[in-house]
Amino acid sequence: MTIGTPDYSIKNLNEKTDAEIEDLIKKSKEELFNLRFQKATSQLENNSRIKAVKADVSRMYTVLRERELGITTAPEETSGKAEK
């Protein structure tokens, strides 16, 4: 069993563009900050969520690095308009 959020699995991340992954990293880092803040103020109810978010962020960085090295390729970006 993998640690982390099922939405951030390698399969799902490989279907996203680099920009989308960077947005997900930003959101996950904000969540991690909030979780750490809750822990410091003794308001955190689920301690394992910190570990899961850290694993998600690491997984996202791994996908981006694999693309940078040419191990995997990013999906083609769609412009949202149908080509004629």
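**Salt bridges and helix α2 in close-up**

**View 1. The pairing of R65 with E68 in helix α3.** R65 is partly exposed, with a relative accessible area of 41%, and in this predicted model its side chain meets that of E68 in a salt bridge with an N to O distance of 2.4 Å. E68 is exposed, its relative accessible area being 61%. The two residues stand three apart in helix α3, which means that about one helical turn separates E68 from R65. Side chains of opposite charge can pair when their charged atoms come close.

**View 2. The pairing of D56 with R59 in helix α3.** The side chains of D56 and R59 meet in a salt bridge, at 3.0 Å from N to O. D56 and R59 are also three residues apart in helix α3, so that about one helical turn lies between them. D56 is buried, with a relative accessible area of 1%, and R59, at 16%, is buried as well, since the cut-off for a buried residue is under 20% relative accessible area.

**View 3. The salt bridge between R67 and D18.** The closest N and O atoms of this pair are 2.7 Å apart. R67 belongs to helix α3 (residues 48-69) and D18 to helix α2 (residues 18-40), and the salt bridge therefore ties together parts of the chain that are 49 residues apart in sequence. R67, with a relative accessibility of 10%, counts as buried, whereas D18 is partly exposed, with a relative accessible area of 32%. With a side-chain nitrogen of Lys or Arg required to lie within 4 Å of a carboxyl oxygen of Asp or Glu, the count for the model comes to four salt bridges, among them the R67 and D18 pair shown here.

**View 4. Helix α2, its length and its buried residues.** Helix α2 has 23 residues, which at 1.5 Å a residue should span 33 Å, and the C-alpha atoms at its ends are 33 Å apart, in agreement with that expectation. The buried residues of α2 are I21, L24, I25, S28, L32 and L35, and these buried residues pack against α1 (10-14) and against α3. Helix α3 is also the element that holds R67, the salt-bridge partner of D18 in α2.

**View 5. The backbone at S42, just after helix α2.** Helix α2 comprises residues 18-40, and just after this helix S42 takes a positive phi of about 60 degrees.

Terms used: Residues are numbered from 1 along each chain as its sequence is written. This is a predicted model: local features need pLDDT of at least 70, side-chain atom pairs count only at pLDDT 80 or more; totals for chains, interfaces and linings use all residues. Side-chain values use heavy atoms; hydrogens and water are left out. Helices (H or I, at least four residues) and strands (E, at least two) are DSSP runs, numbered from the N terminus. Buried means under 20% relative accessible area, exposed over 50%, partly exposed in between (1.4 Å probe, protein chains only). The expected span of a helix is 1.5 Å times one less than its number of residues. Contact means heavy atoms within 4.5 Å.
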